[in-house]
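This report describes one chain for a reader who has not met it before. Please look at the sequence and the model first, and then read on.

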Amino acid sequence: MYSVCILRCIHVLQFIYDVAIHENIRPERPMAVASVASQMGISASPVSVALVSMAGFISAAGLPFTVINLLAVSIPATFCGVMVAAIWSYRRGKDLEEDPIFQAYIKDPAHYQDVYGNQTESLQNKELPSSFYRAMYIFFLGIIIIAVLGNFPQILPSFPDAKGTMKAISMTTVIQMIMLVIAAAILIFCKVNAKDVGKSQVFHAGLGAVVCVYGVAWMADTCFSNHMADLKAIIGGLVQAYPWTYALAMFLTSKLVNSQAAAVSIIVPLALTIGVDPIVILSFISACYGYFFLPTYPSDLACINFDRSGTTHIGKYVLNHSFMIPGLLGVFTGCCVGYVIAHILY
């Protein structure tokens, strides 16, 4: 599922850059917010591990909230967050013709050709073959199946555990299995040449981003796992004293583990155990996306790689990167809107 989330953003980034640069739009404007939007959408997707896991933890605690209840909060909350980030990004940075750094860069004919002239993988003005549409329908079928299984967990197959107790298969495992089957079906029924996949620019950018982030994610997971008891004690005490800090704890944990699902699996059970109001947990679903804070996530790195104009970048001080303000605006707005909607509905 991790790879699916990365690739669904990466496939769009190439098209966004192509349209932006040929319409003389600063690519940073749509590309940075697109990367943020792709990750905020995870907490508003019925097929995401993060949302399904949160619903599972809440259900196990005996609370009457399903995936549908979570989506009723997360969809409008994240939508408002993305819109605020997009509106802010509309005029960010200088126009290309007024940007001295960009103009100096494209004075070199080789750079100009690289920025404007590479049309080999452009999707503009191309008529897509019918196999592309079949692939889309197959992918949508997988999403529908996962959504149904997530909302009706009683139909999931069950198997005996080590103690002989029947236990339903994890939704995380179900999502991975279905997505692998969907990928195989697309390869078989859509006449995809497997050799061509490895030659595409999308594959190269995506693989490069995964390699770049792998070490960071491994290090964060190792560090977090070895200090779990101390971190739980610190976070638990803070959240119990000040419930609003639940959002901050979720945000920081997401950054530490570089995963929304992992952050949910750590913070939500802890919050339920210490008695945090479940409405607060629903309110701050958007806070599980905090890994934009440092630009180490594959979708962010791929975004930088795809923007051959160089406008989407990591700044001199690392934190002044292209994703910081759109990410902060999106998450903050999502949390505020989610808080209002959750308290109105429940």
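Is F284 buried or exposed in terms of relative accessibility? F284 counts as buried, with a relative accessibility of 10%, where buried means under 20% relative accessible area, exposed means over 50%, and partly exposed lies in between, as found with a 1.4 Å probe and protein chains only.

The model is predicted, so that local features need pLDDT of at least 70 and side-chain atom pairs count only at pLDDT 80 or more, while totals for chains, interfaces and linings use all residues. Residues are numbered from 1 along each chain as its sequence is written, and side-chain values use heavy atoms, with hydrogens and water left out.

**The chain as a whole**

The chain has 16 helices and two strands, these being DSSP runs numbered from the N terminus (H or I, at least four residues, for helices; E, at least two, for strands). Of the 346 residues in the chain, 45% are buried. Among the contacts with a separation of 6 or more, 75% are between residues 24 or more positions apart, a contact being heavy atoms within 4.5 Å. The accessible surface comes to about 17,600 Å², and carbon and sulfur atoms account for 70% of that area, as given by the Shrake-Rupley method with a 1.4 Å probe.

**Aromatic pairs**

The structure holds eight aromatic pairs, a pair being rings of Phe, Tyr or Trp (its six-membered ring) whose centres lie within 6.5 Å, with planes under 30 degrees apart called stacked, over 60 edge-to-face and the rest tilted. One of the pairs is formed by F284 and Y339, which are stacked at 5.9 Å centre to centre with 20° between the planes. Because F284 lies in the loop between α14 (278–283) and α15 (298–306), and Y339 in helix α16 (residues 324–345), this pair ties together parts that are 55 residues apart in sequence. Y339 counts as partly exposed, at 39% relative accessibility.

Another pair, Y289 with Y291, is edge-to-face, at 5.0 Å centre to centre and 75° between the planes. Both Y289 and Y291 are buried, and they belong to one aromatic cluster together with F251, F292 and F293.

**Positive phi values**

Most residues other than glycine have a negative phi. The table lists two non-glycine residues with a positive value.

| Residue | Phi | Place | Relative accessibility |
|---|---|---|---|
| N24 | near 60° | loop between α1 (2–22) and α2 (28–40) | 39%, partly exposed |
| V318 | near 65° | loop between α15 and α16 | 39%, partly exposed |
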